Amino acid sequence: MNAQKLSKRLEKVASFVPENTIVADIGSDHAYLPCYLVLNHIATKVIAGEVVKGPYESACHEVKQEGLQNQITVRLADGLQAIEQEDHITVITIAGMGGPLIASILEKDVKRLTGVKRLILQPNIHAIAIREWAVQRNWKIIDESILKEDGKIYEILVLEPGRQLLSAEALLLGPVLMQQQNDVFKEKWNHEIEQWQTILKALEKADQSEEIIEKQKLLEQRIKMVKEILQ
């Protein structure tokens, strides 16, 4: 992977970025995505934010190597603290972290989202945390994607400002993904059901405390719910 050729996962993230936008890529790592967006005339300017010094230096090196210092600014900062009001950011991308971490990054500096028109978020796990945050903070899921790369399954969520109520099914599975139900979606959730059933069997052998009984109920509800959606 490099600035010219992204991974399948990041290429999909890039496909959701509207043209002529000012983007902030939070947790930018090597800044491959920012470079790609500028090289392909999708973004006019990009802020690449990175909290860890090593990846920050890698991002600086990549931007310099591509000769894009005038259009890409790399900043060493924690989460959304990489962006300022005068940047006029319209799109934020956050990819390659857990869903709860992405949600906490957004919540920690929620005021910095003022003026942002789109969030493109790619959680590695627990996308439900982002959907729950979106409902609470009045962000609407306008699109979703699910794909498999190198044996791992990734979900991508596209949010824009707006109120949205989601059912328990939509929070867990994704309102768009559960309508589309592609092969990767089915593979993911059939695998989840298998894992939940394995956990249930183990819980049946454990001492039946109140906590264990509650966990069993939750798993049984989820298994039933997901099976019904997949049918």
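This note sets out the sheet of the predicted model and the helices that lie against it.

1. **Sheet order.** The model contains an open sheet of 7 strands with mixed pairing, and the strands are arranged in the order β3-β2-β1-β4-β5-β7-β6. Across this sheet, the twist from one strand to the next averages 15°.

2. **Sheet edges.** The edge positions belong to β3 (72–76) and β6 (139–149). Each of these strands has a single partner strand, so one side of each is left without a neighbour in the sheet.

3. **The parallel pair β1 and β4.** Strand β1 (residues 21–26) runs parallel to strand β4 (residues 91–97), and 4 bridges join the two. Within this pair, Val 23 has Val 91 in β4 as its bridge partner.

4. **The antiparallel pair β5 and β7.** Strands β5 (118–123) and β7 (152–161) both belong to the set of strands that α1 lies across. The pairing of β5 with β7 is antiparallel and extends over 3 bridges. Here Leu 119 is matched with Leu 159 in β7 as its bridge partner.

5. **The β6–β7 hairpin.** Strands β6 and β7 run antiparallel and are joined by 10 bridges. Lys 148 has Ile 153 in β7 as its bridge partner. The two strands form a hairpin with 2 residues between them. In the turn, Asp 150 has a positive phi of about 50°. A colleague inspecting the backbone may wish to look at this turn together with the edge position of β6.

6. **Helices on the sheet.** Helix α1 lies across β4, β5, β6 and β7, and runs at about 155° to β6. Helix α3 (residues 53–66) lies across β2 (43–50) and β3, with an angle of about 165° to β3. Both edge strands, β3 and β6, therefore appear among the strands that these helices lie across, β6 under α1 and β3 under α3.

7. **The α1–α2 crossing.** How are α1 and α2 oriented to each other? The axes of helix α1 (residues 8–15) and helix α2 (residues 32–39) come within 11 Å and cross at roughly 50°. The two helices are therefore oblique to each other. Their crossing is right-handed.

8. **Residues at the helix contact.** From α1, the residues Leu 10, Glu 11, Val 13 and Ala 14 take part, and they meet Leu 33, Tyr 36 and Leu 37 of α2. By class, the residues of this contact comprise 6 nonpolar, no polar and 1 charged.

Note on methods:
Residues numbered from 1 in each chain as written. Predicted model: local features only at pLDDT ≥ 70, side-chain atom pairs only at ≥ 80, totals over all residues. Heavy atoms only, no water. Axes fitted to C-alpha atoms, helices over the stretch in contact; angles between N-to-C directions. Parallel < 35°, antiparallel > 145°, perpendicular 65-115°, else oblique. Left-handed = near helix turned anticlockwise from the far one by under 90°. Contact = heavy atoms within 4.5 Å. Nonpolar A, V, L, I, M, F, W, Y, C, P; charged D, E, K, R; others polar. Pairing = 2+ DSSP bridges.
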